[in-house]
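This report describes how the strands and helices of one protein chain are arranged. Please keep the sequence and the structure in view while reading.

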Amino acid sequence: MNDLLTVLATRPLLCDGAMGTQLLAKGLTSGECGMLWNTGRPEAVRGVHDAYRRSGCNLLTTNTFGGTLSALERHGLAARMAELNRAGARLAREAAGDTGWVLGDIGPFGDFLEPLGDMTADELRAIFRAQAQALIEGGADALLVETMSDPAEAETAIAAAKDCGDFAVVATYAFQKTGDAEFRTMMGTGVGEAVERAIAAGADLVGANCGTALSFPDYLELARQLVRAAGKTPVILQPNAGAPQVIGGETVYLATPAEMAAIVAPLVDIGVRVVGGCCGTSPAHLAAMGHAVSTL
Ligand SMILES: [Zn+2]
């Protein structure tokens, strides 16, 4: 298989979309740990990966967002950390085949680093490293440090991923709009600082996923700022299916596949090299986006 970064230099690639909502649609209950399905309902997780792969996604993300020891501890699953991460990577590996890439998904550890919290950077690095190692053992080609708010946590996770060997590391932050054309993470970090610190820590691809209440024009502006800040480092963007709406007390994302496909060409024009989806996206959204990528 070709090296991800080499291929990326020649053509834009498509990453996949949401996993959690797909599992909820298959019967996962909202309090349940979705990672348990990597061993308990592997055919359901594999089915989501297969659907994204059929939609044309080149990169599949493992079902391991909450897979740090500290996040699993809250479900009483700390003892199964390595097993659940390995199983998650294996399922994505099977679906990706020889021509797709598996991104081993690493989400936030769920608390604050010192001095706001009790966790030291060294302790956290060991926690992230153990997850990254299990993902690689299961067959991940690269590691995805995602939905980050604290650049210090992102740096720690990127460094931990790099500890595991010569694997590409992708890092994405979740931004919210705080001014006219200004974006910050929940911790208050701006785009420039977030991107620079991720690259300095060793990230090979940087960008944003998810975000709070961002519209498509917001994502386009965010993309411009990310590309500017990233310089020569390729940029990834995984928007939600439009700005959320609250209907009956529930937050829903209602952009159609066609609406999401319509922002693909502008994003690639701006300089984004990997597009994908976050909240509210489905294989149907990604299929429409994949068609848009293929016609560029
Ligand atoms: Zn999201």
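## The sheet

In this predicted model, eight strands form an open sheet in the order 1-12-9-8-5-4-3-2, with parallel pairing. Strand 1 and strand 2 (59-61) occupy the edges; each has a single partner strand, so one side of each lacks a neighbour in the sheet. Helix 7 packs on the sheet, where it touches strand 3 and strand 4, and its direction makes about 155 degrees with that of strand 3.

Strand 12 is joined to strand 1 by two bridges, the two strands running parallel, and to strand 9 (residues 235-238) by three bridges, again in parallel. Val-275 of strand 12 stands opposite Leu-14, and Leu-237 also stands opposite Val-275. Strand 9 is in turn linked to strand 8 (residues 205-209) by four bridges in a parallel arrangement, and Leu-237 in strand 9 is the bridge partner of Ala-208. Helix 10 (residues 216-230) lies across strand 8, strand 9 and strand 12, and runs at about 160 degrees to strand 9.

## The nonpolar core

In soluble globular proteins, nonpolar side chains tend to be buried together. Here, the largest nonpolar core has 95 residues, and Leu-143, Val-145 and Leu-226 have the most contacts inside it. Helix 6 (residues 81-96) gives the most to this core, contributing eight residues.

Which residues does Leu-226 touch, not counting residues up to four places away in sequence? Under that condition, the contacts of Leu-226 are Val-191, Val-195, Gly-207, Ala-208, Val-235 and Leu-237. Two of these, Ala-208 and Leu-237, are bridge partners of each other.

## Met-81 in helix 6

Met-81 belongs to helix 6. Is Met-81 buried or exposed? Met-81 has 22 C-beta neighbours inside 10 Å and therefore counts as buried, the cut-off being 20 or more.

Not counting residues up to four places away in sequence, Met-81 touches Gly-67, Leu-69, Leu-72, Ala-130, Gln-131 and Ala-134. Met-81 and Ile-199 are 118 residues apart in sequence, and their C-alpha atoms are 28 Å apart in space.

## Helix 8

Helix 8 (residues 151-163) has 13 residues; at 1.5 Å a residue it should span 18 Å, and because its end C-alpha atoms are 18 Å apart, the model agrees with that expectation. Its buried residues are Pro-151, Glu-153, Ala-154, Glu-155, Thr-156, Ala-157, Ile-158, Ala-160 and Ala-161.

These buried residues pack against strand 3 (101-106), strand 4 (142-148) and strand 5 (168-173), as well as helix 7 (121-137) and helix 9 (191-201). Just after helix 8, Gly-165 takes a positive phi of about 130 degrees.

## Helix 13

For the 12 residues of helix 13 (residues 283-294), 1.5 Å a residue leads to an expected span of 16 Å, which agrees with the 16 Å between its end C-alpha atoms. Pro-283, His-285, Leu-286, Ala-287, Met-289, Gly-290, Ala-292 and Val-293 are buried in this helix.

The elements that cover these buried residues include strand 1 (13-14) and strand 12 (272-275), together with helix 4 (42-54), helix 11 (257-261) and helix 12 (264-270). Strand 1 and strand 12 are also joined to each other in the sheet by two bridges.

How values were computed: Residues numbered from 1 in each chain as written. Predicted model: local features only at pLDDT ≥ 70, side-chain atom pairs only at ≥ 80, totals over all residues. Expected span 1.5 Å × (residues − 1). Buried ≥ 20, exposed ≤ 12 C-beta atoms within 10 Å, placed from the backbone. Contact = placed C-beta atoms within 7 Å. Core = buried A, V, L, I, M, F, W, Y, C linked by C-beta atoms within 7 Å. Pairing = 2+ DSSP bridges. Axes fitted to C-alpha atoms, helices over the stretch in contact; angles between N-to-C directions.
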